[in-house]
Amino acid sequence: MIDLRSDTLTLPSKEMLATIATAQLGDDGRTHDFGRGEDLTVNKLEDLAAQITGKEAGVLFPTGTMGNSAAVLAFCQPGDKVLVDEQQHMYLSEKVLFDKSFGQLEAIKYQHNEKGIPSLADIEKQLNENDIKLLCIENTHNFSGGACIPPEHMKAIYELAHQHHVPVFMDGARMFNAAVSMEVEPHKLCSYVDAVMFCISKGLGAPVGSLVCGSQDFILKVRSKRKMLGGSMRQAGIIAAPGIYALEHNVTRLKEDHENAKHAASLLTGLTNTHIIGAVDSNILVLDVNDLGLTPQEYCQKAQEHGLLIKPVLKDKIRLVFYKGITKEDATAAAKIICDLDRYNK
């Protein structure tokens, strides 16, 4: 069975797991200066994350959803309007920020083009018409096929937002995929946002964890929100040690995942009933199979019967995600199954 449901299925290597045995541990929830805990390995990871992103400080979270939530709540007050992409993951999937019983924020949506790139004209329109308190972007953009937002476009968004005195937050769950795909340093992308969240538990291969990075004052606020959300941890060095390994060893290899996604896409061009959404910039491939007359759930069931595990996304699309452990041969086999399904008659 070829499992392309998500890069969260990436498994840690033996070398990564071995770092846990020698990690210096302490109580990360017992805080001192700058709200930092006593787990030296966590502190090392947070310092490394801040250095890589070009920010003053970082803070470790158990999940990206909690990291996104704490960061946005640190920027906003209940009832504030937050400008998000119409298909942004934190809006469609995470939801907690915009739930009336939790975050109580109001989502104002902007559009993106066919390549998944945010529309500057629509962002400007929403900034002019609404009292926006925060602008959020997602890079790579999950549901539009792992689209990468180029640095020059991020700069234009950042400058536009700041003209309206609105900070910019990036859900960079797969930020390193964007950086590798566009051959830019992560700190270049992060220079055009006020704060960023990125995951170490997707393509980077760590078993658990995400980090939020920003200014020191902002991270102090984020740490306070993390505690309220139940994110304070104890000997979290067992999470941080694999994270350090991931950042030091697994970033450049993301290119292999991108190549496998593009290889699979190259085998799917010209199909009658199966259409690729957007460009394949990174490790995600999104398909429109509506012409087959199957629901996404029915299609995924058919794929599973042929040996391929994939996932419905949005209301009517299918997603394939490539990651460490998935080979070029797997990508070829997955594409063959999709080609076979393209001839399916209901």
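Good morning. I begin with the largest pocket, whose volume is about 370 Å³. I should say at once that this is a predicted model. The lining of the pocket is made up of 23 residues, and those nearest the centre are T8, H89, E94, R174 and K202. Three elements, namely α3 (64-75), α4 (89-94) and β7 (195-199), each give two or more residues to this lining. Of these, α4 supplies the largest share, with three residues. In chemical character, the lining of the largest pocket divides into 11 polar, seven charged and five nonpolar residues.

Let me turn from the pocket to enclosed space. Rolling a probe the size of a water molecule over the atoms shows where empty space is left. How many cavities of 30 Å³ or more does the structure hold? There is one. About 40 Å³ of space lies within the largest cavity. The residues that line this cavity are A173, R174, F176, N177, C199, K202, G203, L204 and L254. Five of the lining residues are nonpolar, two are polar and two are charged. Two names on that list will be familiar: R174 and K202 line the largest cavity, and R174 and K202 are also among the residues nearest the centre of the largest pocket.

C199, another residue of the cavity lining, brings us to the sheets. Strands of a sheet pair through backbone hydrogen bonds, either parallel or antiparallel. One open sheet has seven strands, in the order β2-β8-β7-β6-β5-β3-β4, with mixed pairing. Which strands stand at its edges? They are β2 (57-61) and β4 (106-110), each of which pairs on one side only. From one strand to the next, the twist averages 20 degrees. Within this sheet, β7 is joined by four bridges to β8 (residues 210-214), and these two strands run antiparallel. C199 takes part here, with S210 in β8 as its bridge partner. Thus β7 contributes to the lining of the largest pocket and also has a place in the seven-stranded sheet.

There is also an open sheet of four strands, in the order β9-β10-β13-β12, and its pairing is antiparallel. Here β9 (275-276) and β12 (311-313) are the edge strands; each has a single partner strand, so one side of each is left without a neighbour in the sheet. The partner of β9 is β10 (residues 284-288), to which two bridges join β9 in an antiparallel arrangement. In particular, H275 stands opposite D288 in β10.

Finally, the helices. Two packed helices are described by the angle between their axes and the distance between the axes. The helix α3, which we met at the pocket, packs against α9 (residues 216-228) at an angle of about 120 degrees, with the axes 8 Å apart. That angle makes α3 oblique to α9. The crossing of α3 past α9 is right-handed.

A second pair consists of α12 (residues 296-305) and α13 (residues 328-341). How do these two helices pack? Their angle is about 120 degrees, and their axes lie 10 Å apart. The helices α12 and α13 are therefore oblique to each other, and α12 passes α13 in a right-handed crossing.

To close, I return to the opening point: the largest pocket, of about 370 Å³, draws on helices α3 and α4 and on strand β7 for its lining. Thank you for your attention.

Terms used: Residues are numbered from 1 along each chain as its sequence is written. This is a predicted model: local features need pLDDT of at least 70, side-chain atom pairs count only at pLDDT 80 or more; totals for chains, interfaces and linings use all residues. Side-chain values use heavy atoms; hydrogens and water are left out. On a 1 Å grid over the protein atoms alone, a cavity is a set of points where a 1.4 Å probe fits but cannot get out, and a pocket is an open set with protein on both sides within 12 Å along at least five of seven lines; lining residues have an atom within 4 Å of a point. Grid points are joined across faces, edges and corners, and a volume is the space filled by probe spheres set on the points. Ala, Val, Leu, Ile, Met, Phe, Trp, Tyr, Cys and Pro count as nonpolar, Asp, Glu, Lys and Arg as charged, and the others, Gly among them, as polar. Two strands pair if DSSP finds at least two bridges between them. Axes are lines fitted to C-alpha atoms, for helices over the stretch in contact, and angles run from 0 to 180 degrees between N-to-C directions. Angles under 35 degrees count as roughly parallel, over 145 as roughly antiparallel, 65 to 115 as roughly perpendicular and the rest as oblique. A crossing is left-handed if the near helix is turned anticlockwise from the far one by less than a right angle, and right-handed if clockwise.
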